[in-house]
Amino acid sequence: MGQAKVRVGVIGAAGFIGSGHLHRLATAVDGAYPTAVYDVKRERLEPHAERYGVKIFDSADELIASEDVDAVLIASWDATHAAFTKQCIEAGKPVFCEKPLATTLEDCQSIVEAEKRAGKPLVQVGFMRRFDPDYRKIKEILRSGELGAPLMAHCISRTPKIASGFTDSMQVTNIAIHEIDVMRWLLDEPIVKGQMIYGRPTGFAEEGLHDPQLALMWSKSGCLIDVECAANSYYGYEIQCEIVCEKGTIRLPDPPAPIVRSRLLCATEVMDDWSERFPKAYQAELQHWIDVIRGLRTEYGPGSEDGYAACAVADAMIRSQATGLPEQVTGCGQ
């Protein structure tokens, strides 16, 4: 495709994530030119069509097949990801799929196989924490070896309020999935075992939902990882990560914010959602995707095999919710 602008179609453009990606593609990503949108809530697309000059399609199938679309971004609900991604591969079009790549290991495997048949990488998965400057700095320090081998990792992922219909398994596929991928990436080795455990639920959770939960994971070399997954933390959105190594520790900084001192109080604001915490990461991952399509980069972002590996770990952890025991990760790609 050379240096030409990439005409992008966005599936799921009416949602919070999809509309955010559409805005970035239209205003901030160099070399991107959004031309098409689709969403089951068509009426919510009219303002986007007027603002960005994109065409509204009646189906995802038509958008993917359109001659006015060079590449596709998928931000629809999780259960649709696999089918749309495979359609893009079959059409020979690069596809950016928000996490998770698919909701079953079988669907992830079929995507990996379809991409192999295509003969070239076409898939990037939306594991945006790999593009966050702070996580990238942690990886640099780990790679240098200056602190010795990583021994443990302590992580927190808290969301103030989750939408109705959230389930126990979604604690893995929608929350812990980010730590699953970023830990594989930071440690540069597979996760081989996982477990989800829980105790008393918060009164803010819907009936039947166990929230918060604690995810435990073991890497191939034995590094133990724990992740607090809270979908109804009430007070705000918070991400933390600390890697304990042989000679020291590495910790994500708290996002910079003014510290206010007033009578008998010293406080700082807490963020409300993930879009406030990771704006640079979302920008960088889309820019990377477009640069690869345009031939300006040769290093691909997280691909279908990364999506498959994360799904394999998630599958083991969901099994552990039923058994109450640590479960081995199965499947290739680990």
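Modeller: A residue is called buried under 20% relative accessible area, exposed over 50%, and partly exposed in between, with a 1.4 Å probe and protein chains only. This is a predicted model, in which local features need pLDDT of at least 70, side-chain atom pairs count only at pLDDT 80 or more, and totals for chains, interfaces and linings use all residues. Residues are numbered from 1 along each chain as its sequence is written, and side-chain values use heavy atoms, without hydrogens and water.

Colleague: Why is Phe-96 called buried?

Modeller: Phe-96 has a relative accessible area of 0%, and the limit for buried is under 20%, so the term applies.

Colleague: What makes the rings of Phe-96 and Trp-289 a tilted aromatic pair?

Modeller: Rings of Phe, Tyr and Trp (its six-membered ring) pair if their centres lie within 6.5 Å; planes under 30 degrees apart are stacked, over 60 edge-to-face, and the rest tilted. Phe-96 and Trp-289 stand 5.6 Å centre to centre with 55° between the planes, so the pair is tilted. Trp-289 is buried, at 3%.

Colleague: Why is the pair of Phe-204 and Tyr-234 called stacked?

Modeller: Their centres are 4.9 Å apart and their planes differ by 15°, therefore the pair counts as stacked. Phe-204 is partly exposed, with a relative accessible area of 46%, whereas Tyr-234 is exposed, at 60%.

Colleague: How do you know that Lys-193 lies over the face of Trp-218?

Modeller: A charge sits over a ring if NZ of Lys or CZ of Arg is within 6 Å of the ring centre and within 35 degrees of the ring normal. Lys-193 lies over the face of Trp-218 at 4.6 Å from the ring centre.
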